[in-house]
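Trainee: I am new to this structure and would love a close look at one single part of it. Could you set the scene with the whole chain and then take me to that part?

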Amino acid sequence: MRYSQYFIPTVKETPADAEVVSHQLMLRAGMIRKLAAGIYNYLPLGLRSIRKVENIVREEMNRAGAIELLMPGVIPAELWQESGRWDQYGRELLRIRDRKDAEFCLGPTHEEVITDLVRREIKSYRQLPVNLYQIQSKFRDEIRPRFGLMRGREFIMKDAYSFDVDGDAADLSYEKMYQAYRRIFERCGLKFRAVEADTGSIGGSSSHEFMVLADSGEDAIASCNACDYAANVEKAETRPIEAAEHADPRPLERVPTPDKRTIGEVSEFLGVHEASMIKTLVLLADNEPVVALVRGDHELNEIKLKHVLDCDELEMANDEVVAKVTGAPVGFAGPVGLKVKIVADPAIKVIRNGVTGANEKDLHLKNVNLGRDFQVTTFADIRNAVHGDACPRCETGVLEMWRGIEVGHVFKLGTKYSKALKASYLDADGKEQIVFMGCYGIGIGRTVAACIEQNHDENGIIFPIPIAPFHCIISALNIKEEPVREASERIYKELSDAGVEVLLDDRDERPGFKFKDADLIGIPLRIVAGSKNLAQGNVELKDRKTGEVELLPVADAVAKVKALVAEALH
């Protein structure tokens, strides 16, 4: 492809509304352009990278035995009402009506549609297992679309759905997809972790998120430094903390703490460590008050608590409810004397002579001890894991915290949707059985954006070869000079004939201008053809990632580009 005939509208200035690096660079590199909030045009460079990811996904899905189809983007309300998600999903579901006043939605995900298809077509165990996938645009009406392709409203997604005769067979399908996802992100050239995750609104028994590691990631990840255990902060387990020593209980003491409400304020005022304090939080679980206790230097994990309580809705209580439960304003709550259900993290067990609120304004209690001064209804892991926690899986490792960007998610759905939509089959004995399901998603555009978040410098994008818009760019300096033009055309043809995707910068522009554009758009390899070096039979070959520049004979430079591309793609 010739730069002069291509459409690459690069810009020098960083757009004011672009908050993260990938959004900034995709706009500056002419890869995307905003049409409306969270909705983008994919320009040629951006589309080339997106298609590269799609092709890798398609090859690995096919290799794992999945079969491609395409489902409608507009879904009748009846299917979502059958599954119960029409009212549950919330305002992210964009609901529309047709001219006959029938209700539909723009598909944010396709569990209902694929389950409806299978219940109509699959009748016997002989037709199972089957795994069906599509690559298609989705729409979720995000309340605050931001970060370009990282959190848009319309986005390209690969979603797959497996159907099996029972849970054991479903586990095998899940493992195939898990391994396929690992291959996909490895082939994309990304540094990632597969982490245990909460199933969220999709539901099911368990799931893994595939996280690209990047400092700008929205998600916190806990990863063991000695074994393969990894989980996002919503799911990361904690090993119970053992007491270093058992101090004798001291008499309970009421101490004034005027206007000291937060853990930090009380800790400083009383001269005690936050780890010796008990944080008392009042919440509403399905509108019923409940109290959660965590150590003062720990944070409550509401998702874990929601699972412990097995409730549909969980939220922090307002000031009025807190006052009703504790008899005091916010900031002075403690477990002593409370008459509601109390769920405590196991770390509370080892606090001796701790500090809590006194359930009175401007008062706290010192020397509070479990058993003597308060009781706990249930002990459960309800806190966020932190850096340095002991690994819950192995004996020697500790957890390290990373930032990650979710690019893929695999779920064991079980029978959640098949039971609701009555997707069944006849087994070998002629008995009707419910199908077991799994679902598996990858954000295609999000993967490209995450790659840029992980691979960039002050000059622009640094694409890995497998998903770069082009493998190599030829920067022809002084293109009007016959030797430069002839050499550039010859190199371009030889690389193109060898299957290398080449962008020939044949514009009549200054060298510095061309170099800046080449760095900005992130093409991995650059051949610089200038009259001075060509007079000696040489060209420059630059590796965008390492910055290494070599002066090589033309034939050697061409051979090296071919070899580097072949190695990266195989």
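Mentor: Happy to! Let us begin with the whole chain, which contains 15 helices and 31 strands. Please keep in mind that this is a predicted model. Along the principal axes, the C-alpha atoms fill a box of roughly 95 × 65 × 50 Å. Of the 570 residues in the chain, 52% are buried. Contacts also tell us how the sequence is brought together: taking those between residues at least 6 apart in sequence, 68% join residues at least 24 apart.

Now for the outside. The chain exposes about 26400 Å², and carbon and sulfur atoms supply 49% of that area. As for charge, there are 75 positive and 90 negative charges, and their mean positions are 2 Å apart.

With that background, let us turn to our single part, Pro129. You will find Pro129 in the loop between helix H5, which covers 111-121, and strand E7, which covers 130-139. Is Pro129 buried or exposed? Pro129 counts as exposed because its relative accessible area is 58%, and the cut-off for exposed is over 50%.

What does Pro129 touch, once residues up to four places away in sequence are set aside? Its partners are Phe163 and Asp164. For a sense of distance, look across to Val539: this residue is 410 residues from Pro129 along the chain, and 55 Å separate the two C-alpha atoms.

So here is the picture to keep: Pro129 is an exposed residue in the loop between H5 and E7, touching Phe163 and Asp164.

Methods. Residues numbered from 1 in each chain as written. Predicted model: local features only at pLDDT ≥ 70, side-chain atom pairs only at ≥ 80, totals over all residues. Heavy atoms only, no water. Helix = DSSP H or I, 4+ residues; strand = E, 2+ residues; numbered from the N terminus. Buried < 20%, exposed > 50% of the residue type's maximum accessible area, 1.4 Å probe, protein only. Contact = heavy atoms within 4.5 Å. Areas by Shrake-Rupley, 256 points an atom, 1.4 Å probe, with all protein chains shown as cover. Lys, Arg positive; Asp, Glu negative; His and termini not counted. Charge placed at Lys NZ, Arg CZ, Asp CG, Glu CD.
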